[in-house]
Each structure stands twice: as structure tokens, then as C-alpha cells.
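Please open the structure in your viewer and keep the sequence at hand. The tour proceeds by selections, each followed by a description of what is found there.

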Amino acid sequence: MSRPRPRRRIVIVGAGFAGFHAARHLARLAKHTTGIEVVLVNPTDYLLYLPLLPEVAGGVLDPRRVAVPLSGAGPGVRLLLGTVDHVDLDHRWVGLVDPEGNRRTVAYDRLLLAAGSVNKLLPIPGVAEHAHGFRSVAEALYLRDHLLRQLELANTIDDPAERDARLTFVVVGAGYTGTEVAAHGQLLTRAAARRHPGLRGQPIRWLLVEHAPRVLPEVDRRLSAAAHRTLTDRGVEVRTATTVIEATGEGVRLSTGELVATRSLVWCVGVRPDPLVERLGLFTSKGRLVVDEYLTVPDHPEVLACGDLAAVPDLTRPGQLTAMTAQHAVRQGRLAARNLAASLGYGRRRAYRHHDLGFVVDLAGAKAAANPLGVALSGLPAKVVTRGYHLRAIPANRVRIACDWLLDAVLGRQAVQLGLVRAAAVPLDIDHPNPPPGPDPVVGARSRWQPLVSLQNHPTGGAAMAPGRRDEEARDREASAKSSGLDGGRELGF
Ligand SMILES: Cc1cc2nc3c(=O)[nH]c(=O)nc-3n(C[C@H](O)[C@H](O)[C@H](O)COP(=O)(O)OP(=O)(O)OC[C@H]3O[C@@H](n4cnc5c(N)ncnc54)[C@H](O)[C@@H]3O)c2cc1C
């Protein structure tokens, strides 16, 4: 009689596009075998569907619509809430901090690193202090409130210079994120301004600043031209081949020498791999973790990586890496699951190869730009393709999203601030946050870990959290008083 195989644990770090789809694929396999245990580690209990985040900031979608419950990955997947901040590659365990500051270690037989990326901060004076990024639900909610607050404050301000500054919004970076944020933000402010009699006839300026010679530099030129046309027709000032060289409390200075007075600077200049990569001490390329075409980390056959975090060779464009897009992350996640299973004796591994299927960019209202399978579309046809694509691609919440779109078309947007997210809670510089977002991470401090081979809870750190949180709330209140403008402060930070 053959003996049952020992259970092998696959730990997945990060439940974004790549991690979620890897977990889902493995869950199906785990259903048919008792030999595999899947553990998914993520700070939240949802996959954030980032491509629809600009619609949250624009007030079209409820924030819960873009949050896909991780329970959808399948019953065989064990979710562990937390942030991994240590990986011991020699002894095969990861260390993590849960949302309440408790520390745990989890042993693995196979590891999939899929922690994605974070906002990229360039060393430009004042940007870390005065700009905000756009990658999380908190940042989207914060931006939406901030835009509405600027209009409400401008409506009651007599000083014309101050009013103009509050009604000027600068988005830096015209990739898909910045372009969509500018498009949705502009329509939101335009609609909300109609409800303020004091703003009648008052220009509302939106500037989209891009270092490259065209918007959407990473996509087909026809898409780029269509997006440019839509934005400029609506009055967005598109400044290509231009950069921000300084941000101050008064506004931003552009590389053209122009000083733009504003209280709103949205930083969408791109992303960099999650800082976890730097802590691994492994080879990187352009900051991304080097893997081979099977998504395996060199010299560590038990470790795979995929998505934004990994430098995956693009076999369809020799010498290049796959782009940091959801399209690749989803497919790499599925393939990583297959290759991990193969390494445990289930099936055969395959190399990653995927031709881009095109791109969709939502430009708010009835406009979009898309090139499905290389066919360039703009206007309403592109909008239909874009929305159809998202409804198909998002793993849950489809009916709710479609209802929000319908309500938006029929009833318009609800222009109210919720005030749930304070400025200090969404710092741009996550390496030097002020105040710290949650418990202090311990980077590579192995001696402070108590390696366990089980998923046990370490009830330490909870008490130490409390004073930190109180400090954070006090600072939040201070920041909020300043940014409300009621104290006459002229800070740019939003
Ligand atoms: C606003 C916006 C719009 C976009 N629109 C599009 C689009 O239209 N089309 C497109 O193809 N791409 C788009 N992208 C890019 C796309 O979202 C990314 O390429 C994709 O999310 C990458 O997937 P990922 O799984 O690698 O990382 P992510 O989706 O970023 O997921 C990483 C996950 O890991 C978690 N995590 C991070 N660190 C840790 C840790 N230390 N421990 C545990 N968990 C951790 C994160 O919380 C997150 O849940 C957009 C990006 C943004 C920001």
C-alpha cells in the first residue's frame, strides 16, 4: 500500500492580481489532492482592482466595488492578514506583522512572491511633503474629498489669488493612472462646481504634466492621440515634455519656469517594486526581482515571483521585461501556480509567454480610448469595450459595478465629503512616512523573530501599538485643521 504524501505548504505573499489568481488556481488543485496547503498573506482581505480606482476618486463607483473579497480565491486557501517584512530563504520561513501589530512566522515548502509595487518617488524638492500618490482606496477617497473640499473652500474665499489656487489641480505623470485621474477628477470638479453659486464663471484649471513627449507614452500612438484630444477638448491643459522641478506650499514650479499656484498635487509618475524586494538580498533588474522564464528565482528553485515585483523576461520581445500591467500579472499568477504545482509533482511546468492583447483607458463621461487586439477605438465604442473588459476581468462585484454605472448615468454624482481619510494617513513617501502607517516594521531583524513551523499567533506588540496610534490621531487632527484652510494656512499638501 502506498503511503499518503506529506502535506506541502505553498505560501503566497501578496493578493493582488498575480497572487489572487495564483491562489485561485492552486485552490482548484488542492480540491483534488490532500497533498497541498495554500496560505495567502495580504494586508487586507481583498484584491484591489486598481484599474477602476480612478472611478472611485471621480465619485462614480463606491469604493467597495473595487475590493474583491479574497474568500473568492476558494475554500482551500487560508488567508493570513499581514505584511511580510522578512523572508528567511535559508530556513524557509517568512515573518509578518498582522494588522494589530502581532508578529508571526510561517514556514513554507514553496514560496510565491507577488507583493506588487508602490508609488515611485523622485528626488524633487518638496514633492514628498506636498504631493499624494494614487494606489490605494485610502488615497482615492482622500483625493475625492480633497477635490470637493477645494471647491467648497474656494466658494467662500474673497481673495482671488487664493481662490484660483484652490481651483487649480495638477496631476504629474500621464501614464494610464495620471490620465484617468485627470479625466475623472476634472469631470467631478466640473459637476460639483455647478452646485456652488459663488463659483459661477470661475475657471477650474486641470494640468496634466508629462515628462515624455506624449500622454500615455507606453501605449499605441493612436490611443495616445485620442486621449490627448479628449482631454484638451474638455479644457485640461496637457503639458508634455515638461516636469515638476519643485513643489512648495504655494504651488509647483515646472521645468518651463512657470510657477503654478495650487493646493493640489497628485503624483502619478509610475511605480517601483515593493520594498520587500530590496530586503531579500537577491539579484534585481530595474529594481524588480530577477526570475527566469519559468518565474523561478535563480538558485532558489523553491521560490517563484511574478507580477509587478518580478523582472520576468518577455519572450515575445527578446531582451525586454514584461510590462507592469494587470494583464501580465494575472497570467503570470496562473502560470506560477501551475509551475509551483509542477515542482511538487503535479503536472509539468511551462515558460511564460504572452503577447499584449491591447489596452483600455477610461477617460470619464462617455469617452475612452482602447486598442483591443490592435484595433484603435475612441469615444463611445471605446467606452463600451473598456467597460465590457473591466466587467469581464474583475473577479467579483460585477452587478454592483454595473448598477453604479447606471446610477451615475441617470442621477449624476453625489458630491459630499466623507472625511474618513486624513492627509497624514496617505503619505507619498512610504519609506519615511509621517506618521508611521501602523506598527514599526522590523527589517531583517532575525534575532527578534521566533521561527515557528505552524501558523501560531504571537500576542506581542499589541500593547506597544496603542501610544503610536494615539500620536497618529493627534497628528491627523493637526493636519486636518491646517488643510481645511480655516486656519488661513497656505499649505499645498492635500
Ligand atoms: C490607478 C492604477 C490603474 C491601473 N490601471 C491598469 C489598467 O487599466 N490595465 C492594466 O493592465 N494595469 C493597470 N494598472 C497596473 C496594474 O494594476 C498592476 O500592474 C497590477 O496591479 C500588478 O499586479 P500585482 O499582483 O503584481 O501587484 P498588486 O496588484 O499591486 O498586488 C500586490 C498585493 O501585495 C500586497 N502586498 C504588498 N506588500 C506586501 C507584503 N510585504 N506582504 C504581504 N502582502 C503585500 C499588496 O497589498 C497587494 O494586495 C493600474 C495601476 C494603478 C495604480
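The stops below begin at the ligand and then move to strands and loops. Please bear in mind throughout that this is a predicted model.

**First stop: the ligand**

Select the ligand together with the residues around it. Which residues come nearest? Among the 34 residues around the ligand, they are Gly 14, Gly 16, Gly 116, Gly 307 and Thr 325. Colouring the shell by residue character shows 20 nonpolar, eleven polar and three charged residues.

Next, display the secondary structure. At least two residues of the shell come from each of helix 1 (17–32), strand 2 (36–42), strand 6 (83–88), helix 6 (176–193) and helix 9 (326–343).

Now colour the two domains separately: domain 1 comprises 8–43 + 82–117 + 272–343, and domain 2 comprises 127–269 + 359–417. Both domains give residues to the shell, and the ligand therefore lies between them.

**Second stop: strand 2 and its partners**

Select strand 2, one of the elements that supply the ligand shell. Is this strand largely enclosed or largely open? Five of its seven residues are buried, so strand 2 is largely enclosed by the rest of the structure.

Add strand 1 (residues 8–13) to the selection. Strand 1 and strand 2 run parallel and are joined by six bridges. Within this pair, Val 41 of strand 2 has Val 13 opposite it. With helix 1 also shown, the path becomes a β-α-β unit: strand 1, helix 1 and strand 2 make up this unit, which is right-handed.

Then add strand 5 (residues 77–81). Five bridges link strand 5 to strand 2, again in the parallel sense. Centre the view on Val 41: its bridge partner in strand 5 is Leu 80, while Val 13 stands opposite Val 41 as well.

**Third stop: an antiparallel sheet**

Move to strands 14, 15 and 16. These three strands form an open sheet in the order 14-15-16, with antiparallel pairing. Strand 14 (244–247) and strand 16 (259–261) stand at the edges; each has a single partner strand, so one side of each is left without a neighbour in the sheet. From one strand to the next, the twist averages 25°.

Strands of a sheet pair through backbone hydrogen bonds, either parallel or antiparallel. Here, strand 15 (residues 251–254) pairs with strand 16 over three bridges in the antiparallel sense. To find a point of this pairing, select Gly 251, which has Ala 261 of strand 16 opposite it.

Between strand 14 and strand 15 there is a loop that holds Thr 248. With 16 other C-beta atoms within 10 Å, Thr 248 is partly exposed. Select Pro 125 as well and draw a distance: Thr 248 and Pro 125 are 123 residues apart in sequence, and their C-alpha atoms are 8.1 Å apart in space.

**Fourth stop: two residues with positive phi**

Most residues other than glycine have a negative phi. Select Leu 216, in the loop between strand 12 (205–209) and helix 7 (221–233). Leu 216 is not a glycine, yet has a positive phi of about 45°.

Then select Lys 286, which lies in the loop between strand 19 (284–285) and strand 20 (288–290). Lys 286 also has a positive phi, of about 50°, although it is not a glycine.

Which of the terms, buried or exposed, applies to Leu 216? Leu 216 counts as buried because it has 24 C-beta neighbours inside 10 Å. Lys 286, with 10 other C-beta atoms within 10 Å, is exposed.

Conventions:
Residues are numbered from 1 along each chain as its sequence is written. This is a predicted model: local features need pLDDT of at least 70, side-chain atom pairs count only at pLDDT 80 or more; totals for chains, interfaces and linings use all residues. A residue is near a molecule or strand if its C-beta atom, placed from the backbone, lies within 6 Å of it. Helices (H or I, at least four residues) and strands (E, at least two) are DSSP runs, numbered from the N terminus. Ala, Val, Leu, Ile, Met, Phe, Trp, Tyr, Cys and Pro count as nonpolar, Asp, Glu, Lys and Arg as charged, and the others, Gly among them, as polar. Domain bounds come from an automatic or database domain assignment. A residue is buried if 20 or more other C-beta atoms lie within 10 Å of its own, exposed if 12 or fewer, and partly exposed in between; C-beta atoms are placed from the backbone. Two strands pair if DSSP finds at least two bridges between them. A crossover is right-handed if, with the strands pointing away from the viewer, the path from the first strand over the helix to the second runs clockwise. Axes are lines fitted to C-alpha atoms, for helices over the stretch in contact, and angles run from 0 to 180 degrees between N-to-C directions.
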